[in-house]
Amino acid sequence: MSQERMKHQLKEVSETALITLWSRAVEQKEKPPILIDKVAVCMVEQIDYDFSKLDSAWKSQVGVCIRAKLIDEQVSVFIEKNSDAVVVSLGAGLDSRFLRVDNGKVRWYDVDLAPVIEMKQKFIQPEDRYTMLSCSMFETEWLERVLSHQAPTFIIMEGVLMYFDSEDVSDLLVGIVETLVGATIVFDSIHPYLVSHSDKHDSVKHMNAPFKWGIKDASEITAIDSRLQVMEVKSLFDFYPKRWRWVWYVTRISVLKRLMCGCIYTTLCQKS
């Protein structure tokens with residue numbers, strides 16, 4: 001790569017992908033960082049975008065990195081137990097998780113729209129076990145690819161579902177559970193209270209992409225489809241308390257924690 005600063009026009013790339021990218025990049029200045037992601041630093045240095053608008057969004061920054069770390073850990077455990085696993089990251093954005101957790105055996109798919117994939121390939125090259133698919137996660141192409149492997153499957157939807165209508169989210173989850181029986185799905189969600197106040201969110205308020213979907217608790221997932229079995233729920237506020245500063249103390253009040261909470265749901269696709 002040239003020593004000169006390379007600049008890429010964003011064009012149709014969603015700004016929401018840049019929030020998570022920036023969050024992981026600036027985390028590298030922390031001692032110690034929640035997670036290591038040198039690729040994110042490289043991307044931020046070379047993408048032509050005014051990241052300074054996010055300088056005050058420390059709550060989002062911490063939440064994104066904790067979420068990424070927890071999901072990294074879950075993926076690592078899964079592929080350690082399933083040597084022939086297939087991992088799919090839907091709405092993968094500019095994430096470099098494959099490079100962070102690759103065990104030398106896993107088959108990996110990053111799925112996102114063409115402008116995002118094209119930008120990502122400027123920095124990360126696909127390989128035999130790592131495929132970048134330029135398609136919508138609401139299309140069936142990725143499902144057909146994954147199904148063809150007939151292998152234990154782990155599906156990641158990180159920081160993506162809250163930007164879609166409830167009908168779209170339901171259709172996507174039902175489509176997965178009908179096609180990939182036995183798959184594990186990990187995704188995060190926020191409370192409907194935060195959805196209704198996305199214009200005040202410390203990072204999203206700068207983007208033309210308001211929140212649209214949220215749930216109060218796990219019961220709303222099984223209400224979508226009874227074959228979705230929620231195995232585990234993790235609140236981001238339960239990890240790295242020092243990094244949350246005053247927010248951690250506020251969220252010791254249960255009602256406030258529920259309203260402000262970002263949660264990771266681990267769900268299993270059961271048979272009918």
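## Helix faces, a helix crossing and unusual backbone angles

On the side of helix 7 that points away from its buried face, Glu-167 and Glu-178 are exposed. Here buried means under 20% relative accessible area, exposed over 50%, and partly exposed in between, with a 1.4 Å probe and protein chains only. This is a predicted model, in which local features need pLDDT of at least 70 and side-chain atom pairs count only at pLDDT 80 or more, while totals for chains, interfaces and linings use all residues. Residues are numbered from 1 along each chain as its sequence is written, and side-chain values use heavy atoms, with hydrogens and water left out.

Helices (H or I, at least four residues) and strands (E, at least two) are DSSP runs, numbered from the N terminus. Helix 7 covers residues 166–179, 14 residues in total, and its first and last C-alpha atoms are 20 Å apart, close to the 20 Å expected at 1.5 Å a residue. That expected span is 1.5 Å times one less than the number of residues. The buried residues of helix 7 are Val-169, Leu-172, Leu-173, Ile-176 and Val-177. Viewed down the axis, they fall within an arc of 125°, so they line one face of helix 7. The arc is that of the directions from the helix axis to the C-beta atoms.

Helix 1 and helix 2 have axes that come within 8 Å and cross at roughly 115°. Axes are lines fitted to C-alpha atoms, for helices over the stretch in contact, and angles run from 0 to 180 degrees between N-to-C directions. From helix 1, Leu-21, Trp-22, Arg-24 and Ala-25 meet Ala-40, Val-41, Met-43 and Val-44 of helix 2, where contact means heavy atoms within 4.5 Å. The loop between helix 1 (15–27) and helix 2 (38–46) holds Pro-32. A cis peptide bond, with omega of about -5°, joins Lys-31 to Pro-32.

Two residues that are not glycines have a positive phi, and both lie in the loop between strand 6 and helix 10.

| Residue | Phi | Relative accessible area |
|---|---|---|
| Tyr-240 | about 50° | 33%, partly exposed |
| Arg-245 | about 55° | 47%, partly exposed |

Strand 6 spans 228–235 and helix 10 spans 246–250.

Val-255 belongs to helix 11, residues 254–260. With a relative accessibility of 41%, Val-255 is partly exposed. Its C-alpha atom is separated by 41 Å from that of Leu-147, 108 residues apart along the chain.
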